[in-house]
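Here is a friendly walk through one protein model, written for someone who likes to check geometry against coordinates. Please keep the viewer open as you read.

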Amino acid sequence: MRREIRKVGVLGAGVMGQGIAAHLANAGVPVVMLDIVPPQLTPDDEKQGLRQDSPRFRNKFALAGLEGIKKSKPALIYSKKFLPLISVGNFEDDWGQLADCDWIVEVVVERLDIKQQVFGRLEKTVKPGTIVTSNTSGLPIKQMMQGRSEEFRKNFLVTHFFNPVRYMRLLEIVAGEDTDPEVVKFLADYGQFRLGKGIVYGKDTPNFVGNRIGVYAIQGTIHAMMEMDYQVDEVDVITGSPMGHPKSASFGTIDLVGLDTMVHVVRTLREDCPDDEGQPYFQVPDFVAKMVEQKLIGRKAGAGFFKREKGPGGEKTDFVLDWKTMQYRPKTKLDAPSIKASKGIHDAGERIRLVASADDRAGKFAWRLFRDVLAYSSRRLGEISDTICDIDQALKWGFNWELGPFETWDAMGVKTTVERMKGEGVTPAAWVEEMLGQGIESFYRVGAAGREYYDARSKAYQPVPRPASFMVLSEIKQQKPAVFENKGASLVDIGDGVLCFEFHSALQPKMNPIDDQILAVAEKAIEIAEKDFRGLVVHHQGEQFCAGANLLMVLEASMSQQWNAINEMIGKFQGMTLGFKHARVPVVTAPFGFTFGGGAEITMGGDRACVLAETYMGLIEVGVGLIPAGGGHVFMLERNLEGIDEPVLSNLPFIRKAFETMAMAKVGTSAEEARELKYLRPCDHIEMNRDQQLWTAKRMVIALDEEGYTPPLPRQFYLPGREGLATFKMFLHNMKLTHWISSHDEKIATHIANILCGGDTTINSPVSEATILDLEREAFMSLCGEPKTQERIQFMLLNNKPLRN
């Protein structure tokens, strides 16, 4: 029987329940979210005229959960259009709605007795074959399933989502002794392909995989700080990016999660893992207990390890808690040579090696943490999970580490690290020394068929488990050389006659701004694809897709008045984006993450876009005093005037939508929002799982080719010209008078309006794409010469935020 999930029940409307319900709605799945009936009316309820039998009162907690989804920042939901997929109710009046659910997720309070009661009620309600899962963070499945039938147990497992559900990729799947393996596989596939999650298989042990290692690492940090006499702010300088961890580092992360939550998890580990050698770290220090007593539990309370205060003039000052005195003081930064040296290093492994081997204050602390966490991770293999891959992925997806523990170990050198550990009295698991005894000195390697990991059970390398649809560009390039490449980009044959244009900026590999090297390979991409391939995919697998043009290059050329160079650069940029559009083979662009400015124009230049759901897309050039000049106006006119191919009385309302989107630098904070802003078209595909994005884009190219692809004809637009521009000018003048915009804002927006209105034309005279591109180029160069634009660019480069001047 083919399983299908057409409706999901979520039991509990708290923070996790909200996140799970919202993300299911993001995937287009109807959800019913239930919570308990409040025990009694509050004075506020009575003021509102509510009674015990009022639906608003009885559904109060679930309605509050829905309101939490609507107001969440950052948003839990991709688009407000998905909100109707979430219905709410209560455990007494609406329990019957669970009877037609295909999957029910329990997210009630973390108490065994309450969960057992819930599962007892569910067994009497659900239809045969319904999957029931718990989002528990560590309660044993065997105890939760006491008294349940074999049929219920075989369809039960743990699905442990991480908060916030939309943004945290990790989904831990833990099966019970009686869980049907087919149910495990089905739900893992559903999590990967429908919800876009990274799946880690854990065992039924306290805190599963991610939290078991992650919490040990955080507790190890606190105890090391106390033993080695460090302070909170200097520790966070070390344990962030220099160690390959997120910028929030250790104590910033605790403030984000909530110290009370952290303490609860630690105490669970202490009680449930009595034989764990990490027990000394599972002691809650006295100063931490005092912080919880004093409600200094993090951002949700306004203060934790850090707090921010506003001065009388509105200036903000960051304070840090001195753990010895329990008093706040102004935050300071650790001055260590290794930290300074690590700042220019993009490669996480290289950065980690540098800091861990340094003989300064940062290096000594980093080594202590690496030493303990790596050894601890090795000893948990087999207990919490069967593969080092699961442990590594859990920390990367659940804690945003750049490298997992075993990948970190490889970067530091396994043999030398073990020798150093043992010299300090720390012993890793026996299997690590056995591996080294075999002459194997790395946990991972690239084999003939792709990446492989060392499997301690078979004592040999095994392929890293992943679906066939997860294509990895770096592995493809190791199996066959690039068709063409330079330092900034490559052309990769990804099989079946499809070419991939991959960019990897040499200077800024995280943001991948468009520079001369990328433009040079783009020109080759179109030429080679048309000659030797059936189509082209524009994609890479770096951190962010593209943050736009190289601003430093634009600023330097503007300040030295290299107008010919700027003109040539714009011509090449337009040639790339319009070249994609008019290529003789299909072009599919596949963006993800930051897709700003020129990155958005590249995306819009393709015949189709295969867009990751977590894509943040916008034409944001006005923030640096410029206008989109890579064909952005052509693409926005196409999308907003779709179906309007002849003169009409007034197309200004459609053009106004494009104008507001561009002049206000609107950003779609998801692919769905980008579609609503017309950056994407109805025909563009939204992919939930980034690992599958390249494969999907490749299939889209093949489909277009097999349909008998022909490139689109150059478009002509009927635009309002001077009359339309006059309307926009009046609108902008009023905004300036009421202080909504500055004079320079007005100047930039007038350029955008002029281009969208077609320049010096009338509604009956068709305007070509080439004319729009010329207007873009003229406006861009004009603004480059403006001192206020140069100030904006400079400010953005120095402060990473826009200047309003």
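A good place to start is Ala665, which adopts a positive phi of about 50° just after helix H27. Keep in mind that this is a predicted model.

**Helix H27 and its surroundings**

H27 covers residues 652–663, and a quick length check works out well: its 12 residues, at 1.5 Å a residue, should span 16 Å, and the end C-alpha atoms lie 15 Å apart, which agrees. Which residues of H27 are buried? They are Leu652, Ile655, Ala658, Phe659, Thr661 and Met662. The spacing of such positions can be read with a simple rule: an α-helix has 3.6 residues a turn, so residues three or four places apart point the same way. Among the elements that cover the buried residues of H27 are helix H26 (632–640), helix H30 (721–737) and helix H31 (743–756).

**H26 against H32**

H26 also meets helix H32 (residues 769–784), with axes that come within 8 Å and cross at roughly 135°. The two helices are therefore oblique to each other. On the H26 side the contact is made by Gly632, His633, Val634, Leu637 and Glu638, while H32 contributes Glu769, Ile772, Leu773 and Glu776.

**The sheet and a glycine beside it**

An open sheet is built from 7 strands in the order E15-E16-E17-E18-E19-E21-E24, with mixed pairing. Its edge strands are E15 (484–485) and E24 (685–687), each of which pairs on one side only. Within the sheet, strand E18 (residues 535–538) runs parallel to strand E19 (residues 587–589), and 3 bridges join them. One bridge partner to look up is Val587 in E19, which is matched with Leu536.

Val587 turns up again around Gly606: leaving aside neighbours within four places in sequence, Gly606 is in contact with Val587, Thr589 and Arg681. Gly606 sits in the loop between helix H25 (598–605) and strand E21 (608–612). Its C-alpha atom is 9.1 Å from that of Ala590, a residue 16 places away along the chain.

**Accessibility and cysteines**

Three residues can be set side by side by relative accessible area.

| Residue | Relative accessible area | Class |
|---|---|---|
| Cys101 | 0% | buried |
| Gly606 | 5% | buried |
| Cys683 | 37% | partly exposed |

How many disulfides does the structure hold? The count is 0. Cys683 is in no disulfide, and the nearest cysteine sulfur, that of Cys610, is 12 Å away. Because a disulfide requires sulfur atoms within 2.5 Å, that separation does not qualify.

Technical notes: Residues numbered from 1 in each chain as written. Predicted model: local features only at pLDDT ≥ 70, side-chain atom pairs only at ≥ 80, totals over all residues. Heavy atoms only, no water. Pairing = 2+ DSSP bridges. Helix = DSSP H or I, 4+ residues; strand = E, 2+ residues; numbered from the N terminus. Expected span 1.5 Å × (residues − 1). Buried < 20%, exposed > 50% of the residue type's maximum accessible area, 1.4 Å probe, protein only. Contact = heavy atoms within 4.5 Å. Axes fitted to C-alpha atoms, helices over the stretch in contact; angles between N-to-C directions. Parallel < 35°, antiparallel > 145°, perpendicular 65-115°, else oblique.
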